[in-house]
Amino acid sequence: MKKELKDQVIESISAQLKEYPHFYVTDISGLNAEDTVKLRRSCFEQGIKLTVVKNTLFAHVLKQINNEDLNQLLPTLKGNTAIMYAQTANAPGKLIKKLNKDGMEKPVLKGAYAQECVFVGADKLDELAAIKSKEELLGDIISLLQSPARNVISALESAGGKLAGIVKTLSEKEENQQ
């Protein structure tokens with residue numbers, strides 16, 4: 001590969017890493033044409049960008065970033081490597097789990113960089129898929145904040161008749177005492 005082409009590829013990989021805050025290093029070797037199309041279609045539907053990279057060029061980009069955490073991914077760059085770039089940290093993890101559950105043996109997780117943390121090894125897949133997205137976390141927070149208010153409102157509604165009776169009795173006692 002000519003130096004100019006290598007520089008273009010390195011530039012492209014660097015641009016992808018800047019555009020997408022999360023990426024997964026995977027192995028998709030040995031997929032037949034049907035499974036490759038299924039994987040690419042699933043990635044597209046989930047907003048995940050899938051690219052096959054040369055290990056040496058991807059390693060070069062990781063070293064240029066000067067992030068010691070990312071250097072933990074360098075040993076995963078052996079054999080065939082595909083990178084799954086995503087805006088949502090758990091999207092590639094969920095997709096890999098779904099495809100594996102549907103009978104596809106690949107992709108296999110080698111490592112990942114999600115939520116500014118490095119994960120190395122296929123055993124981290126469940127952990128990665130369980131990461132909550134920003135929208136999911138906001139939903140959880142809103143639910144937690146609404147829960148006490150709902151409890152107070154329902155208690156007031158269920159005791160509404162009792163409260164009205166108590167208030168009426170108290171006001172009658174005040175009138176009788178005067």
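By the sulfur-to-sulfur distance rule, this predicted model comes out with 0 disulfides. Two cysteines are still worth a look. Cys43 counts as buried, because its relative accessibility is 1%. Cys117 has a relative accessibility of 39%, so it counts as partly exposed.

**The overall layout**

Zooming out, you are looking at 7 helices and 5 strands. Walk along the sequence and they come in the order α-β-α-β-α-β-α-β-β-α-α-α. The protein has 178 residues, and 34% of them count as buried. Its accessible surface is about 11600 Å², with 54% of that belonging to carbon and sulfur atoms. Take the contacts with a separation of 6 or more: 77% of them are between residues 24 or more positions apart.

**Two nonpolar cores**

In soluble globular proteins, nonpolar side chains tend to be buried together. Here, the largest nonpolar core has 23 residues, and those with the most contacts inside it are Tyr24, Leu39, Cys43, Ile48, Met84 and Leu128. At least two residues of this core come from each of α2, β3, α4, β4 (108-114) and α5. Which helix gives the most to this core? That would be α4, with 4 residues. There is also a second, separate core of 19 residues, and Val53, Ala59, Leu62 and Tyr85 are among its members.

Ile48 is a handy place to start exploring. Setting aside residues up to four places away in sequence, Ile48 touches Cys43, Met84, Tyr85, Ala86, Ala91, Pro92 and Leu95. Two of those partners, Cys43 and Met84, are also listed with Ile48 among the residues with the most contacts in the largest core. Tyr85, on the other hand, is included in the second core.

**Helices α4 and α3**

Helix α4 spans residues 91-101, and its buried residues are Ala91, Pro92, Gly93, Leu95, Ile96 and Leu99. An α-helix has 3.6 residues a turn, so residues three or four places apart point the same way. The cover over the buried residues of α4 includes β1 (22-27), α2 (33-46), β3 and α5 (125-129). After α4 comes Gly103, with a positive phi near 105 degrees.

Helix α3 has its own buried set: Asn55, Leu57, Phe58, Ala59, Val61 and Leu62. These residues pack against α1 (3-19), β1, β2 (49-53) and β3. Just after α3, Asn66 also has a positive phi, this time about 60 degrees.

Phe58 turns up again when you look at the aromatics. The structure holds 3 aromatic pairs, and ring pairs link Phe58 with Phe23 and Tyr113 into a cluster.

**Polar residues around α3 and the loop after it**

Is Asn55, in helix α3, buried or exposed? Asn55 is buried, because its relative accessible area of 17% falls under the 20% cut-off. Its side chain has polar partners: a polar atom lies 2.7 Å from the backbone oxygen of Gly79, and there is a polar contact of 2.5 Å with the side chain of Thr81. Leaving out neighbours within four places in sequence, Asn55 is in contact with Leu77, Lys78, Gly79 and Thr81.

Thr76 sits in the loop between α3 (55-65) and β3 (81-86). Its relative accessibility is 10%, so Thr76 counts as buried. A polar atom of the Thr76 side chain lies 2.5 Å from the backbone oxygen of Leu73. Here are the polar distances side by side:

| Side chain | Partner | Distance |
|---|---|---|
| Asn55 | Gly79 backbone oxygen | 2.7 Å |
| Asn55 | Thr81 side chain | 2.5 Å |
| Thr76 | Leu73 backbone oxygen | 2.5 Å |

Beyond residues up to four places away in sequence, Thr76 touches Val25, Lys110 and Val120.

Asn71 is found in the loop between α3 and β3 too. Asn71 is partly exposed, because its relative accessible area is 32%. Apart from neighbours within four places in sequence, Asn71 is in contact with Leu62 and Lys63. Of these, Leu62 is one of the buried residues of α3. How far apart are Asn71 and Val118 in space, C-alpha to C-alpha? They are 9.2 Å apart, although 47 residues separate them in sequence.

Terms used
Residues are numbered from 1 along each chain as its sequence is written. This is a predicted model: local features need pLDDT of at least 70, side-chain atom pairs count only at pLDDT 80 or more; totals for chains, interfaces and linings use all residues. Side-chain values use heavy atoms; hydrogens and water are left out. Buried means under 20% relative accessible area, exposed over 50%, partly exposed in between (1.4 Å probe, protein chains only). Contact means heavy atoms within 4.5 Å. Accessible areas come from the Shrake-Rupley method with a 1.4 Å probe; for residues, only the protein chains shown count as cover. Rings of Phe, Tyr and Trp (its six-membered ring) pair if their centres lie within 6.5 Å; planes under 30 degrees apart count as stacked, over 60 as edge-to-face and the rest as tilted. A polar contact is a pair of N or O atoms within 3.5 Å; within protein, one must be able to donate a hydrogen and the other to accept it, and residues adjacent in sequence count only if both atoms are side-chain atoms. A disulfide is a pair of cysteine sulfur atoms within 2.5 Å. A nonpolar core is a set of buried Ala, Val, Leu, Ile, Met, Phe, Trp, Tyr and Cys residues joined through side-chain atoms within 4.5 Å.
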